[in-house]
Amino acid sequence: MGAAATEGLRERKRRETRQRIAEVGQRLFLAHGYENTTLDAIATEAGISRRTFFSYFKSKDDVILFWQQAGASSLYAELLETSPDVSPLDAVRDVMVKHIERYTTEQMIAVDNLMRSSEALRARKQTHYAEQEQALFETLCEVWRQPERRTSLRMVAMVSVGAMRLALQAWRDQTGQRKPVARFLRDAFDSLRMEL
């Protein structure tokens, strides 16, 4: 049975409140910008007090971190379902492309603009890449369990996050009619594959 089945009413309400606060925060950040969204506005919109906000999150940065981690957790959970007979690099590519295809170009632009809107968020984004790489490596080690593969799995994690970063940069720098970010991600992995 899953964690949701074993969690009590109190834990479920806490999880749901945290989720609601994060969703409100994300919506307000995207609508008004990170700097222009106050903790009071998030609390009011979420139907809680400012004091209650601090029972769930330490800062506005933590709200952003929450939804970054939620997306990443979903990706890792899906990767855990991969057969160990598949190439780790191909498995990561397929899962990353599938996850990024869920976002429209407009959503990607809004999130990208948000993450670049303040120095704190730009720094948070760089930290998030390092955390993603480590979490991806740990997930890969759960699927491909042979100890002798750990070095190559670490390299897969490193180059996969690197491919994603380069794809996002190329997508951001494009001019004219915008192509979907998933195409840039596929191209980055194809280029990587050709160089191996």
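**Notebook: helix packing and overall form**

I began with two helices of this predicted model. I looked up helix α7 (residues 105–115) and helix α8 (residues 119–143), and found that their axes come within 8 Å and cross at roughly 110 degrees. Angles of 65 to 115 degrees count as roughly perpendicular, so α7 is roughly perpendicular to α8. I then listed the residues that make this contact: α7 contributes D112, L114 and M115, while α8 contributes L121, R122 and K125.

Next, I turned to the secondary structure of the whole chain. How many helices and strands does the chain have? I recorded 10 helices and 0 strands. Following the sequence, I wrote the pattern down as α-α-α-α-α-α-α-α-α-α.

I then looked up the extent of the chain. Its C-alpha atoms fill a box of roughly 55 × 50 × 25 Å along the principal axes.

For contacts, I considered pairs of residues at least 6 apart in sequence. Of these contacts, 67% join residues that are at least 24 apart.

My following entry concerns burial and surface. The chain has 196 residues, and 38% of them count as buried. The exposed area of the chain is about 11,600 Å², and I noted that carbon and sulfur atoms supply 51% of that area.

Last, I looked up the charged side chains. How many are positive and how many negative? I recorded 30 positive and 27 negative side chains in the chain. The centres of these two sets lie 4 Å apart.

Terms used: Residues numbered from 1 in each chain as written. Predicted model: local features only at pLDDT ≥ 70, side-chain atom pairs only at ≥ 80, totals over all residues. Heavy atoms only, no water. Helix = DSSP H or I, 4+ residues; strand = E, 2+ residues; numbered from the N terminus. Buried < 20%, exposed > 50% of the residue type's maximum accessible area, 1.4 Å probe, protein only. Contact = heavy atoms within 4.5 Å. Areas by Shrake-Rupley, 256 points an atom, 1.4 Å probe, with all protein chains shown as cover. Lys, Arg positive; Asp, Glu negative; His and termini not counted. Charge placed at Lys NZ, Arg CZ, Asp CG, Glu CD. Axes fitted to C-alpha atoms, helices over the stretch in contact; angles between N-to-C directions. Parallel < 35°, antiparallel > 145°, perpendicular 65-115°, else oblique.
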